[in-house]
Amino acid sequence: MTLALVPLSVMAENPTVVKSPNGALAVKLECTESPTYSITLNDAPMLDASPLGLVANFGDFSRGMKVTDCKIDTVADTYAMNRSKASSVSYKATHLVWTLENANKQQMQVEFMVADNDVAFRYFLPKDGETGSVRVMDEATGFRLPEGTTTFICPQSDAMVGWKRTKPSYEEDYVIDAPMDQKSQFGHGYTFPCLFHVNAPTEGWVLISETGVDSRYCGSRLSDYQDGVYKLEFPMPEEFNGNGTVEPAFALPGSTPWRTITVGNTLKPIVETTVPWNYVKPLYDASTDYQFGRGTWSWIVWQDGSINYDDQVKYIDFSAAMGYEYVLIDNWWDTNIGHERMEDLIKYAHSKNVDVFLWYSSSGYWNDIEQGPISRMDNSIIRKKEMRWMKEQGVKGIKVDFFAGDKQPTIQLYEEILSDANDNGLMVIFHGCTIPRGWERMYPNYVGSEAVLASENLYFTQRSCDMEALNTCLHPFIRNAIGCMEFGGCFLSRRLHREPNKGNYRKTTDVFELATTVLFQNPIQNFALVPNNISDAPAVCIDYMKQVPTTWDETVFIDGYPGKYVVMARRNGDKWYLAAVNATGEPLKLNLDLPMFKGREVQLYSGGNNPSVAPVKVKAKGLYKVTIPSQDGMVMVTK
Ligand code: CA
């Protein structure tokens with residue numbers, strides 16, 4: 001429930017300054033010809049005056065604007081989540097509705113939520129006379145970071161390139177600590193979320209993304225840096241195989257999605273932010289009590305050749321031996337096993353107390369994917385029939401792969417798949433896809449999205465293995481900070497191949513891999529373990545992997561720097577898991593402050609590739625000194 005507290009004031013001052021509940025964060029709104037907003041934290045600039053407004057097909061709301069009204073009140077809410085950083089979230093924000101009018105007396109409102117460490121805003125358009133719908137031709141929305149800011153951002157790829165012409169799918173290398181005027185790799189700007197390090201006059205961190213994107217809009221991104229501004233951009237015309245317009249449309253009255261800006265003097269508010277979920281609502285009720293958990297998947301190491309009945313039996317047995325809830329049967333099962341024998345395989349899995357996820361391609365007429373099943377998720381008639389079959393067989397979820405970018409028709413497809421799946425009690429994982437934008441709360445059967453250079457790349461290239469530690473130290477601050485990340489990781493094999501003397505070499509230690517199970521968050525984790533790990537991996541690792549949870553009641557950032565190291569803690573019930581990894585080339589000396597372990601004896605997993613677990617006592621004040629070798633990590637668990 002959202003509580004609207006006593007309105008603070010009703011005014012139309014220009015400029016106007018609105019402060020967050022604790023007064024530290026301030027947004028200044030000003031309209032001279034064009035509307036702008038700027039953000040300060042403790043009076044230090046975090047975002048300089050940046051453009052607001054949009055151009056609709058029936059009117060220009062970006063220039064010639066005049067402020068006609070401004071209303072401010074306070075909103076507060078507490079809500080439950082079962083698949084992200086925290087199980088109970090409370091927020092309080094100053095809520096401002098700024099009404100503007102253009103020269104033709106057409107109205108637009110900009111609605112702001114100003115909380116202590118984040119700002120969210122969206123545009124609202126009323127009905128315009130007889131006009132009951134809008135095409136948004138362009139958003140003026142921009143982000144002007146202070147001079148000297150450096151960037152931790154991921155370039156948008158070309159469209160209709162890569163494997164079977166499936167890009168963009170948010171699978172590019174990050175640019176780390178780069179100057180803002182460095183050109184993007186492909187000339188198409190950057191995908192959300194985008195992290196910025198403000199260096200002067202006061203150090204700060206700014207994470208920009210968006211939320212509340214559903215079938216009524218497209219996914220957006222940031223442009224290249226031009227004239228001091230990153231501008232919000234719509235999808236590229238080539239996406240979705242050139243079908244569908246770039247410009248989103250919705251019915252009036254209606255709103256755009258929320259643009260979100262998380263701000264801190266440290267990285268703590270970035271890692272812990274809940275702004276992707278605060279201002280969105282569930283769009284339907286869960287049809288059943290969805291259960292999250294752990295899974296195995298043969299494809300990640302045994303690849304396409306393992307998608308046959310006998311190898312899947314081995315993985316079902318493996319999941320059962322680990323006490324895992326799920327097995328994920330990946331691409332080509334329709335050809336290599338077939339629907340009929342799949343029914344037997346599902347029965348076998350159930351006999352072992354293991355539930356099944358099945359892979360599908362999203363396509364469709366938007367790429368060249370051959371691996372099946374194809375043409376089952378793109379069409380509502382066939383999709384509903386297929387999902388009814390899955391429901392009859394007791395399948396618990398689907399992994400849908402190879403989407404077509406961010407245009408509105410693709411966002412509509414995500415929503416239709418989720419909605420139909422819920423009608424049949426199915427959970428949904430997306431791969432080859434866009435990032436979630438509030439979907440953990442909006443869609444009760446949504447599990448997670450890839451939208452990252454995920455574990456498959458460690459199998460594909462040695463370069464990815466060489467960069468594994470570095471990339472691990474980016475995701476908690478960027479990609480995984482705004483939503484579930486279906487990474488499919490944690491390898492315990494030294495070489496990543498079905499045959500023991502083939503494949504890329506893993507550069508991280510075993511304990512590093514264990515730490516990723518806590519650092520990476522997704523409510524179902526399909527781990528990259530292989531059946532022989534039960535006998536060839538250290539027993540201490542296998543025992544850990546049997547008990548590690550995948551859902552969390554609390555998430556706390558402890559220490560770190562993007563690309564270098566990260567230390568964070570998550571709580572499941574009364575158990576805290578603290579994980580740390582070091583991506584630098586040197587041993588990392590840390591003086592940690594661990595309030596959750598004050599004066600307690602905890603289990604410490606350490607020792608790199610000779611892992612062990614031993615009890616350690618944390619001092620009464622919670623201070624703990626440790627040195628972590630390069631490419632290594634540690635995990636501490638409440639006893
Ligand atoms: Ca992928």
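I began with W439, which counts as buried because its relative accessibility is 1%. The model I am reading is a predicted one.

**Entry 1: aromatic rings**

I looked next at Y443, which is also buried, with a relative accessible area of 2%. I kept in mind that a pair of aromatic rings is described by the distance of the centres and the angle of the planes. For W439 and Y443 I noted ring centres 6.1 Å apart and planes at 80°, so this pair is edge-to-face. The cut-off for that label is an angle over 60 degrees.

Which residues join W439 and Y443 in a cluster of ring pairs? I listed Y284, F403, Y414, F430 and Y446 as the other members.

I then asked how many aromatic pairs the count comes to. The count comes to 43. One of them is W258 with Y279: the ring centres are 5.5 Å apart and the planes stand at 45°, so I wrote this pair down as tilted. I found W258 in strand β23 (residues 258-264). Y279 is in the loop between α2 (275-278) and β24 (293-297). The two residues are 21 residues apart, and the pair links distant parts of the chain. Are W258 and Y279 buried or exposed? I noted both as buried.

**Entry 2: charges over rings**

I looked up two arginines that sit over rings. R441 lies over the face of Y79, and I noted 3.7 Å to the ring centre. R498 has its charged end over the ring of W302, 3.7 Å from the centre of that ring.

**Entry 3: the calcium ion**

Which residues coordinate the calcium ion? I found E171, E450 and E456, each through OE, with E450 listed twice. The distances run from 2.4 to 2.6 Å. Along the sequence I wrote the spacing of the donor residues as E-x278-E-x5-E. E171 is in the loop between β15 (150-155) and β16 (175-179), and E450 is in the loop between β29 (446-449) and α10 (456-460), so this pair ties together parts that are 279 residues apart in sequence. I checked the accessibility of both. E171 counts as buried because its relative accessibility is 14%, and E450 counts as buried because its value is 2%. The cut-off for buried is under 20%.

**Entry 4: a sheet of four strands**

I recalled that strands of a sheet pair through backbone hydrogen bonds, either parallel or antiparallel. Here I found an open sheet of four strands in the order β3-β4-β5-β6, with antiparallel pairing. Which are the edge strands? They are β3 (16-19) and β6 (44-51), each pairing on one side only. Neighbouring strands in this sheet are turned by 15° against each other on average, direction ignored. I then followed β4 (residues 25-32) and β5 (residues 34-41), which pair in the antiparallel sense over eight bridges. L29 has Y37 in β5 as its bridge partner.

**Entry 5: two loop residues**

I located S84 in the loop between β9 (66-80) and β10 (88-101). S84 counts as buried because its relative accessibility is 1%. Leaving aside neighbours within four places in sequence, I found S84 in contact with W277, Q521 and W552.

Y365 is in the loop between β26 (355-361) and α7 (380-393). Not counting residues up to four places away in sequence, Y365 touches F240, N241 and N243. Last, I looked up Y365 and L195, which are 170 residues apart along the chain, and noted 34 Å between their C-alpha atoms.

Conventions:
Residues numbered from 1 in each chain as written. Predicted model: local features only at pLDDT ≥ 70, side-chain atom pairs only at ≥ 80, totals over all residues. Heavy atoms only, no water. Donors = N, O, S within 2.8 Å, 3.2 Å for Na, K, Ca; no water. Buried < 20%, exposed > 50% of the residue type's maximum accessible area, 1.4 Å probe, protein only. Contact = heavy atoms within 4.5 Å. Pairing = 2+ DSSP bridges. Axes fitted to C-alpha atoms, helices over the stretch in contact; angles between N-to-C directions. Phe/Tyr/Trp six-rings, centres within 6.5 Å; stacked < 30°, edge-to-face > 60°. Lys NZ or Arg CZ within 6 Å of the ring centre and 35° of its normal.
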